[in-house]
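Student: I'd like a close look at a single part of this structure, followed outwards to whatever it leads to. Take your time and keep the thread connected.

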Amino acid sequence: MTKFVCLASGKGGTGKTTTTLNLGLALSEYRDVTVIDGNLSTPNIALHLGIQNLPSYLNHVLQGKKKIVQSIYTHKKLKVIPSSIFIKDIRKTPYKKLKTEIRKLKDLTDIVLIDSSAGLSDEVVACMKASDELLIVTNPDLPSVTDSLKSVKLAEELKLPITGVIVNKTANKHDLSKNDIEKILENKIIGEIPEDSNVPSSIKLANPVIHSFPYSESAKAYKRLAAELTGTEYEEESIVTKILNFFGL
Ligand SMILES: Nc1ncnc2c1ncn2[C@@H]1O[C@H](COP(=O)(O)OP(=O)(O)OP(=O)(O)O)[C@@H](O)[C@H]1O
Ligand SMILES: [Mg+2]
């Protein structure tokens, strides 16, 4: 059975796209995972992966010009459905067909992660309506958490269950406590990803951090979260394995 999961935050820049891709890649070690760029107005998935000039994007599917299965690309073990960064495609995209099109992936993959845009627009509502559950991606500061609370309330209105909260960019001395974040958002924190300069570096390299810097703290946190979500025991690689991997042995 396919599980459709939307990632939302309310506030922009909390790390939804970074989390969708890195968690998706980490999960793809255990399950068949498809990532969808549901951020139709300001899409970033293709940029994060360094892919361009594709023959078909999600936009073309929603415009009725292509079938969704014609718009699935692979990045390592992950399936990816990117949205177009071209303004001519963005302006003509009817997001209301999102659920109907995305649901055509039912039984073709195990998990669908939908990266949504910031805010509470109709576009975000369409992503939530296409999903079975919601993951909140927030940062440990008051503006982010306050904006995430709006996403929580929107999900409640739509009767969309919330799986939990991922707190991204942690480990600053001014962070809100875990307890405070959980109290404000009325939901459990299921993952914490530290602030890590390897993340912006990985975006510059167009290669998600779990592959470009696999032993970084953020990469390990994404792998740990994926293991927990799939009920697998997470074992950090030993230094011996790291060295053998380094030499490709
Ligand atoms: N754990 C992290 N440590 C350091 N920087 C991070 C981390 N996660 C994300 N970033 C940085 O934060 C910025 C925003 O990340 P990202 O694009 O994933 O956010 P977003 O929520 O998808 O943004 P938008 O709302 O615009 O779609 C990027 O510059 C990224 O490099
Ligand atoms: Mg984004």
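Student: Where does Ser9 lie?

Tutor: Ser9 lies in the loop between β1 and α1. Some housekeeping before we zoom in. This is a predicted model, so local features need pLDDT of at least 70 and side-chain atom pairs count only at pLDDT 80 or more, while totals for chains, interfaces and linings use all residues. Residues are numbered from 1 along each chain as its sequence is written, chains are lettered from A and ligands numbered from 1 in the order in which they are written, and side-chain values use heavy atoms, with hydrogens and water left out. As for the element names, helices (H or I, at least four residues) and strands (E, at least two) are DSSP runs, numbered from the N terminus.

Back to Ser9. Its relative accessible area is 0%, so Ser9 is buried; buried means under 20%, exposed over 50% and partly exposed in between, with a 1.4 Å probe and protein chains only. Setting aside residues up to four places away in sequence, Ser9 touches Thr14, Lys16, Val137, Ser144, Asp147, Ser148 and Ser151, where contact means heavy atoms within 4.5 Å. With Thr14 there is also a side-chain to side-chain polar contact of 3.4 Å. A polar contact is a pair of N or O atoms within 3.5 Å; within protein, one must be able to donate a hydrogen and the other to accept it, and residues adjacent in sequence count only if both atoms are side-chain atoms.

Pick up Lys16 from that contact list and you arrive at ligand 1. It has 18 residues around it, and the closest are Lys16, Thr17, Thr18, Asn168 and Asp196; a residue is near a molecule or strand if one of its heavy atoms lies within 4 Å of it. The side chain of Lys16 has an N or O atom 2.7 Å from an oxygen atom of the ligand, and for the side chain of Thr18 the figure is 2.6 Å, again to an oxygen atom of ligand 1. Asn168 points a polar side-chain atom at a nitrogen atom of the ligand, 2.9 Å away. On its own, ligand 1 has 630 Å² of accessible area, and the protein covers 81% of that. Such areas come from the Shrake-Rupley method with a 1.4 Å probe; for residues, only the protein chains shown count as cover. The elements giving two or more residues to the shell are α1 (16-27), β7 and α9 (198-204).

Those three elements turn up again around α11 (217-229): what covers its buried residues includes α1, β7, β8 (189-194), α9 and α10 (209-212). The buried set in α11 is Ser218, Ala219, Lys220, Ala221, Tyr222, Leu225, Ala226 and Ala227. Gly231 follows this helix with a positive phi near 70°.

Now go back to Ser9 and follow its other contacts, including Ser144, Ser148 and Ser151. They belong to the buried residues of α7, which are Ser144, Val145, Ser148, Ser151, Val152, Leu154 and Ala155. These cover an arc of only 165° around the axis, which puts them on the same side of α7; the arc is that of the directions from the helix axis to the C-beta atoms. On the face turned away from the buried side, α7 carries the exposed residues Leu142 and Glu157. The 16 residues of α7 (142-157) should span 22 Å at 1.5 Å a residue, and the end C-alpha atoms are 23 Å apart, which agrees; the expected span is 1.5 Å times one less than the number of residues. Just after the helix, Lys159 takes a positive phi of about 55°.

What lies over the buried side of α7? The cover includes α6 (122-129), β6 (133-138), β7 (162-170) and α8 (178-185). Take α6: six of its eight residues are buried, so this helix is largely enclosed by the rest of the structure. They are Glu123, Val124, Val125, Ala126, Cys127 and Met128, and their cover includes β1 (3-8), α5 (98-102), β5 (111-115), β6 and α7.

That brings us round to β1, the strand on one side of the Ser9 loop. Val5 is found in β1 and is buried, at 4% relative accessible area. Neighbours within four places in sequence aside, Val5 is in contact with Ile111, Val112, Leu113, Ile114, Ser131, Glu133 and Leu135.
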